[in-house]
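Me: Please explain how one reads a pocket and the setting of single residues in a model of this kind.

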Amino acid sequence: MKFLAPFIFLTFQLFEVKGQFVPALFIFGDSIFDVGNNNDLVTLIKANFPPIGRDFVDHEPTGRFCNGKLALDIIAEGLRFTDHQPTYMNDKANGEMLLIGANFASATSGYYNATAILYNTISLSQQLENYREYKNKLVDITGKSNASSRISRGIHLISDGSSDFLQNYYINPLLFTTYTPDTFSDILLNSYDHFIQNLYELGARRIGVATLPPLGCLPAAITAFGHGNNQCVARLNNNAISFNNKLKHRSQRLTRRLSKLKLVVLDIYNPLYTLITEPAENEVRRACCGTGLLETSILCNQHSIGTCSNASQYVFWDSFHPTEAANQILAQKLITSGM
């Protein structure tokens, strides 16, 4: 897979203000951004075992749902961070390492709190409480004024919603017989609205939120909902597009209401859809791990038969998550969409 040019200077709206460096990153959401917060939870949704992470630093699994770096890692490197933001649920996340921010994301979290409860992971509302706790720790480390400055100048990134649809709504008759995709989207966006307002009240001023990806093009979605067809499932993609349009409108409304808020919607849908539908030499229907049709989390393990030898030739590492090679391209596009 062809890599785009590495980041040199990030001069875009969300990521730099009048030449000032970004002091901290604060990360929320699901498995797109989770770097290990699920590792010690009693849940099946974790990624801290081989072959996951085989192309990461020291070839060790960390809890990232990828063969190597997440788009988040690449963005952080572009912002000149030399260390990764600590996994907040790790006991070692304390002291001065918290000065560069923290990662609160948890795989299968969603805007709909019941999604995380279903899988015994960390809901978005609990992530907010963890952030509140983090802020108190930061005040203890650096003082109230410095802590407030670090938070207001820091970037807050959110990726959520995919699990609400793929791992809850579409497979849960209590939801899909009660709500249409449109009304379920409204429930999620009300939660999003509330979350952003709470972050703002806690001092956040620079926030980037990722759109939903093309849900119907993920290998697991094609396997589960494609009825034997190997093409993207149009119904799921249409639901994602509708949600994304509402997300943009809701974000614009929040920006008008909260005068000091810089809120940018980061488009992940279109660059990933382009990678999938204009694949060139890259494999797109199958993921690298196992059969590539349904495996993720504990099903993607060292005993999975058929795991590829070169993940850079694939768009997907497992049936839900991109490879590091794909993440290199997505990271660049996410930065650009923050202009």
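**Reading pockets and residues**

Reply: α8 gives the most to the lining of the largest pocket, namely four residues. Helices (H or I, at least four residues) and strands (E, at least two) are DSSP runs numbered from the N terminus. A pocket is an open set of points on a 1 Å grid over the protein atoms alone where a 1.4 Å probe fits, with protein on both sides within 12 Å along at least five of seven lines; lining residues have an atom within 4 Å of a point. This is a predicted model, in which local features need pLDDT of at least 70 and side-chain atom pairs pLDDT 80 or more, whereas totals for linings use all residues. Numbering starts from 1 along each chain, and side-chain values use heavy atoms, without hydrogens or water.

Me: Which residues lie nearest the centre of the largest pocket?

Reply: They are L166, Q167, A220, T296 and F320, out of 35 lining residues. α5 (162-166) and α8 (219-225) are the elements that give two or more residues to this lining.

Me: Is S251 buried or exposed?

Reply: S251 is buried (under 20% relative accessible area, 1.4 Å probe, protein chains only), because its value is 3%. S251 belongs to helix α9 (residues 234-257). Beyond four places in sequence, S251 is in contact (heavy atoms within 4.5 Å) with Y192, V209, L263 and V265.

Me: Where is I100 placed?

Reply: I100 sits in the loop between α1 (71-78) and β2 (101-103). With a relative accessible area of 23%, I100 is partly exposed, a class running from 20% to 50%. Among the residues that I100 touches, leaving out those up to four places away in sequence, are P23, F81 and P86.
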